[in-house]
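Open the model in your viewer and keep the selection tool at hand. The tour begins with the whole chain and then goes residue by residue.

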Amino acid sequence: MYRIYNLKSSDNVEVSAELGPFTVITHLRNLAPNPENRPGAIMESYYAGLLMDRKRQLICQLNQSAVLVAAGMMQWMVGDCKMVSDANGLFGYLGKQIRGKTTGQNCIAPKYSGSGTLVLEPVDEDIMLVNLQDWQEGIVIEKGLFLACSADVQQSTVMRSNVSSTALGNEGLFSMALKGQGFAALRVPCPKETLVLIELEDDVLKVDGNFAIAWSSTLEFTVGNSGKTVVSTALSGEGFVNTFKGTGKILLAPYLSFGTKEVEKSTDNA
């Protein structure tokens, strides 16, 4: 038996989301001393707090569901917690490594089960909880977004619709897709309240840049001219745009591309 004090009940912690086995907590202020011991660091930390630049953590209650977690993200666990790799044998491991190289996402996701509590490492990005029943045919996510999911969620690799989306769209050829009846926790590059959701019904969305962070697997993703002709594209100054066609949903980050150096650095350190 165990009890946890001063985690969700701390005056400096806010519970920002709960769904399925997951709880997201936000640390409201950085109460740590200045480790850099340089002028201006404390002031920077103060203004970072005003700008909602806060650490978030994901808490997983294993008595509700076993979970798959991005490799290296476990901070501590208490109670009956068992960890196994989801890569079965050597060939399973090699397959996961290949899929990770193609998607830009570490696909070795340790599985935690039992009845205890698992707490993940704090992250700088916001954490969005997703009910996959809202994405009936599955959700395709950009690299670095995956943080955790319930064990009944299916992970797969999807290929771009054409080679142009790789060569011209500044994207990889493959992406990770999640599908099932469970829940997922994603690291998003902007406050989740600012994300724009667009629903298409046999229509087209064109995005100039990598602002689309997730979309329905039913959509066709290509890269093409922003105008009807090469001349109109050149005159518009927009160049090539990412195009989503069909019926489904897209999540857009309104003012921060997921390809920024800061996000990529935090993803690599994970």
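Start with the whole protein. This is a predicted model. Among contacts with a separation of 6 or more, 78% join residues 24 or more positions apart. Colour by secondary structure: five helices and 18 strands appear. Now switch on the surface. The protein exposes about 14,400 Å², and carbon and sulfur atoms supply 54% of that area. Of the 270 residues, 46% are buried.

**Stop 1: the largest nonpolar core**

Select Leu58, Ile141 and Leu178. The largest nonpolar core has 43 residues, and these three touch the most other members. Keep Leu58 and show what surrounds it. Beyond its neighbours within four places in sequence, Leu58 is in contact with residues including Phe22, Thr23 and Val24. Further along the chain, its contacts include Leu118, Val119, Leu120, Ile127 and Leu129. Leu147, Ala148 and Ala185 are also in contact with Leu58.

**Stop 2: the second core**

Next, select Val140, Ala212, Phe244 and Leu252. They are among the 13 residues of a second, separate core. Keep Phe244 on screen for the next stop.

**Stop 3: the aromatic rings**

How many aromatic pairs does a search of the whole structure find? It finds three. Add Phe221 to Phe244. Their ring centres are 4.8 Å apart and their planes meet at 20°; planes under 30 degrees apart count as stacked, so this pair is stacked. Phe221 lies in strand E17 (residues 220–225) and Phe244 in strand E18 (residues 240–252), so the pair ties together parts 23 residues apart in sequence.

Are these two rings' residues buried or exposed? Phe221 is buried, at 4% relative accessible area. Phe244 is buried too, at 1%. Now add Trp215: ring pairs link Trp215, Phe221 and Phe244 into a cluster.

**Stop 4: a charge over a ring**

Select Trp135 and Lys249. Lys249 lies over the face of Trp135, at 4.5 Å from the ring centre.

**Stop 5: a buried arginine**

Finish on Arg56, in strand E3 (residues 55–61). Its relative accessibility is 9%, so Arg56 counts as buried. Which backbone atom lies 3.0 Å from a polar atom of the Arg56 side chain? It is the backbone oxygen of Arg54. Now show the contacts of Arg56, leaving aside neighbours within four places in sequence. Val24, Ile25 and Thr26 are among them. So are Glu121, Pro122, Val123, Asp124, Glu125, Asp126 and Ile127.

Notes: Residues are numbered from 1 along each chain as its sequence is written. This is a predicted model: local features need pLDDT of at least 70, side-chain atom pairs count only at pLDDT 80 or more; totals for chains, interfaces and linings use all residues. Side-chain values use heavy atoms; hydrogens and water are left out. Rings of Phe, Tyr and Trp (its six-membered ring) pair if their centres lie within 6.5 Å; planes under 30 degrees apart count as stacked, over 60 as edge-to-face and the rest as tilted. Helices (H or I, at least four residues) and strands (E, at least two) are DSSP runs, numbered from the N terminus. Buried means under 20% relative accessible area, exposed over 50%, partly exposed in between (1.4 Å probe, protein chains only). A charge sits over a ring if NZ of Lys or CZ of Arg is within 6 Å of the ring centre and within 35 degrees of the ring normal. A nonpolar core is a set of buried Ala, Val, Leu, Ile, Met, Phe, Trp, Tyr and Cys residues joined through side-chain atoms within 4.5 Å. Contact means heavy atoms within 4.5 Å. A polar contact is a pair of N or O atoms within 3.5 Å; within protein, one must be able to donate a hydrogen and the other to accept it, and residues adjacent in sequence count only if both atoms are side-chain atoms. Accessible areas come from the Shrake-Rupley method with a 1.4 Å probe; for residues, only the protein chains shown count as cover.
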